[in-house]
Amino acid sequence: MKRFAATFLSVLFLAVPALAGVSVAQAADGARLRVDLAGLSPRVITTSTTTLTVTGTVTNTGDRRVVKPQVRLQVGDRATTERGVGDVLSGAVVRDTPLTEFTSVADVLEPGQSAPLDITVPLTGTRAGRFALPGVYPLLVNVNGTPEFGGPARLGAVSMLMPVLAGPGRQAGGRTGTPPSMTLLWPLTGNVPHVYAAPYGNPVVLADDRLAAELSGDGRLNALVTSAASAVRDNSSLAKSMCFALDPDLLATVDAMTRGYLVHTDAGNVDGKGAEAAKTWLSELRTLVGGRCVVALPFADADLDALTRIRPGDTGLVTRAATGAATIQELTDVTPQTGVLWPDGTPSASVLTALTEAGVRTLLTDAGKLAPAAAGGGVTVQGSTVRVQPTDSLISAAMTGVPTVPGSVTVPATTERAIAAQNGLGALAYRAGLGLAAGQQRPDHVLVAPPRRWDASPEEFATYLQQVGDFLNAGLVTATGLPALLAAAPATSGSVGDGEPVPVTGVDADVVSTLAGLDVKATGLASAMQLDPTKRVKPDDVVEPVRLAELRGASTAWRGLPADAATTNAQAELTAISGRVTVSQPKQTIALASGNSPLPVYVSNDLPVGINARFALDNNTGLRPEEAGDRFFPASGGKNYFLPVEALRAGRFSVDVSLRTPTGTPLGSSARFELTSTEYGAITIIATVAAGVALLLLASRRIYRRVKDARAGRDVVG
């Protein structure tokens, strides 16, 4: 989702009508309003709160004019169960009452027109009474209007969670029981993998220069680092609770940018402009994480289950994805938590086996995927030595978004990342025990996991961290570092999910199939290569960029995007390697001195390894090549090779010459040879003469028989 240049909160929302008598079909018929919230203050209601302010704009995104659009705030009963919180997050219609009267937004909104929204509510008297008790309340911004050819309807709305620590003007009540401890993960990974190609020994080429923008100014990655740096500097409890989750691929890409890089365009590669931004960001990141908790994400945040399907029965790709801690340590001077990995998705049995072999001992994953569910405590996976430490499902859903339900007043929040912080604060407050029903128990520990690619404004990141820090200062939760959490013995043992990939969230099957095919070709390339004793470069090192590109292609970041976008990097890496062994295009027509003259072919091998390959002649009508055999092409050199061929006819003709590895992987591109020949080959001449002699003999035999038959006829007549 694009980040809106708004203070505090920005929400894109297309609602379906939820008023009695208004059908979903009516809203789908072209009448809808979009509510963009620019401000919400305060984010948490306390005893000193006197007003509640909501600002933003209302835009007619339908194809009908809307008459008398009006807005009001509505508040529901405080949520006392997890289901109640979940209903707000999913957009289900909840029971609420008006907090304000309807206020006019504009007389008329034509399609495409916008109008400002600005509501300030004094929280006194009966309005303050709506927030009398501590808890988490549903807050609804409701926009009604009358579309052309229709009746009054709710045409737009935004619902969110509002934590109330104490009613306005009321004495803060003492909370009973021990507050849960909290650990906050702070993920740093790219929106998508940005590498287009990174061939061995050459500068990295990025698919575009968007990463440079993310690393500087108000860019998302820069905002994540700068907001965290300010927050941990100002609040030691928050600093204690935070653990930074780093993507090795992102760090390696940024590090490569610092040395100069190229950007791929349709017109060719151009110089990238973000080298200085990359240096600054990497330096600030080192300062931020120095001496603090760091945990590794899989390389490029790859889907580990997809990697097992790219190369069935082989754990090599999973091992590559899970062992990025060395890259993190090299580039940040901080050692990540040993054997700890935060993958996305539910690990299958094959993934768990591969991770165990890779030295992974602890996985951080959604508590909702554990059986039995663990309320904060770790779980040892049955039949495995891997420990699973659960992240809080409710808070993750609040910050990531959950699917809409029939009759909802909101669309899926997966595209509404701007309200993630507010809902995340509400869910955390609920988990801390704010408004729990009698008899309900709060968890001992809460592991907060924001969206891995959380996209919000710098102000929103800062506001979220400041408010979490305020929760810590108020004693709503206490700070616990991830190392201390993992030092405790697992609470129980159980299984993780059902061992099967989730079709909705898994990597597209076409992507897996394409990457599997490219992996086979890369393996064929590696098997054809030989170490050059003077260069000492291993064939596997030359092919390694393809393997890393396969991990990027399996990234969870590509979910919902075109399949070809996910596989572009791997295709480009394979082309970059194979393209360095080429058949040169002749500059002029080649005249064959005789029908059996060899065909001169110049081959360049720009790889730092030797390679075995064979020539292939296509479109070779008029020319018969000798059966192809493997040849060895030395590293970093070029020379002429003479291919035994035979002309089948005289005249001018052409042939395409190319190279393939013994396993059939093409090398470079084919070259078109224009040829002339004034003579037939010896074999062709012999065959032609033999055919002529045979024809003469057959003709003579036929003449002889006719003469014989004619004489016999005269004798009979006589």
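# A tour of the predicted model

The protein has 20 helices and 35 strands. The coordinates come from a predicted model. Show the whole chain first. Of its 718 residues, 51% are buried. Among contacts with a separation of 6 or more, 77% join residues 24 or more positions apart.

**Stop 1: helix α2**

Select residues 82–90, which form helix α2. Its buried residues are Val85, Val88, Leu89 and Ser90. An α-helix has 3.6 residues a turn, so residues three or four places apart point the same way. Now add the elements that cover the buried residues of α2, including the strands β8 (135–147) and β9 (153–164). The helices α13 (393–400) and α14 (420–431) also belong to this cover. Then select glycine 91, which follows α2 and has a positive phi, near 85°.

**Stop 2: a four-stranded sheet**

Next, select 195–197 and 270–271, which are strands β11 and β15. They are the edge strands of an open sheet, and each pairs on one side only. The full order is β11-β12-β14-β15, and the pairing is mixed. Strands of a sheet pair through backbone hydrogen bonds, either parallel or antiparallel.

Add residues 205–206 to bring in β12. Strands β11 and β12 run antiparallel and are paired over two bridges. Which residue of β12 does valine 195 stand opposite? Show side chains here: the residue facing valine 195 is leucine 206.

**Stop 3: the largest cavity**

Stay in this part of the numbering and select Gly190, Val192, Pro193, Asp247 and Asp249. Of the 15 residues that line the largest cavity, these five lie nearest its centre. The volume of this cavity is about 100 Å³, and the structure holds three cavities of 30 Å³ or more.

Which helix gives the most to the lining of the largest cavity? Select residues 248–258: helix α7 leads, with three residues. Colour the lining by class and you will find six nonpolar, five polar and four charged residues.

**Stop 4: the second largest pocket**

Keep α7 on screen, since this helix also supplies at least two residues to the lining of the second largest pocket. Helices α11 (325–332) and α18 (539–553) each do so as well. The space in this pocket comes to about 730 Å³.

To centre the view, select Ala198, Ala252, Arg259, Leu548 and Arg552, which lie nearest the centre of the pocket among its 29 lining residues. Now highlight α18, which gives the most to this lining, with six residues. By class, the lining of the second largest pocket holds 13 nonpolar, seven polar and nine charged residues.

**Stop 5: a three-stranded sheet**

Move on to residues 581–583 and 637–643, the strands β26 and β32. They belong to an open sheet with the order β26-β28-β32 and antiparallel pairing. β26 and β32 stand at the edges with a single partner strand each, so one side of each is left without a neighbour in the sheet. From one strand to the next, the twist averages 25°.

Finally, add residues 599–605, which make up β28. How many bridges pair β28 with β32? There are seven, in the antiparallel sense. For a last close-up, select valine 603 and lysine 639: the valine stands opposite this lysine of β32.

Note on methods
Residues numbered from 1 in each chain as written. Predicted model: local features only at pLDDT ≥ 70, side-chain atom pairs only at ≥ 80, totals over all residues. Heavy atoms only, no water. 1 Å grid on protein atoms, 1.4 Å probe; cavity = no way out; pocket = protein on both sides within 12 Å on 5 of 7 lines; lining within 4 Å. Points joined across faces, edges and corners; volume = space filled by probe spheres on them. Nonpolar A, V, L, I, M, F, W, Y, C, P; charged D, E, K, R; others polar. Pairing = 2+ DSSP bridges. Axes fitted to C-alpha atoms, helices over the stretch in contact; angles between N-to-C directions. Buried < 20%, exposed > 50% of the residue type's maximum accessible area, 1.4 Å probe, protein only. Contact = heavy atoms within 4.5 Å.
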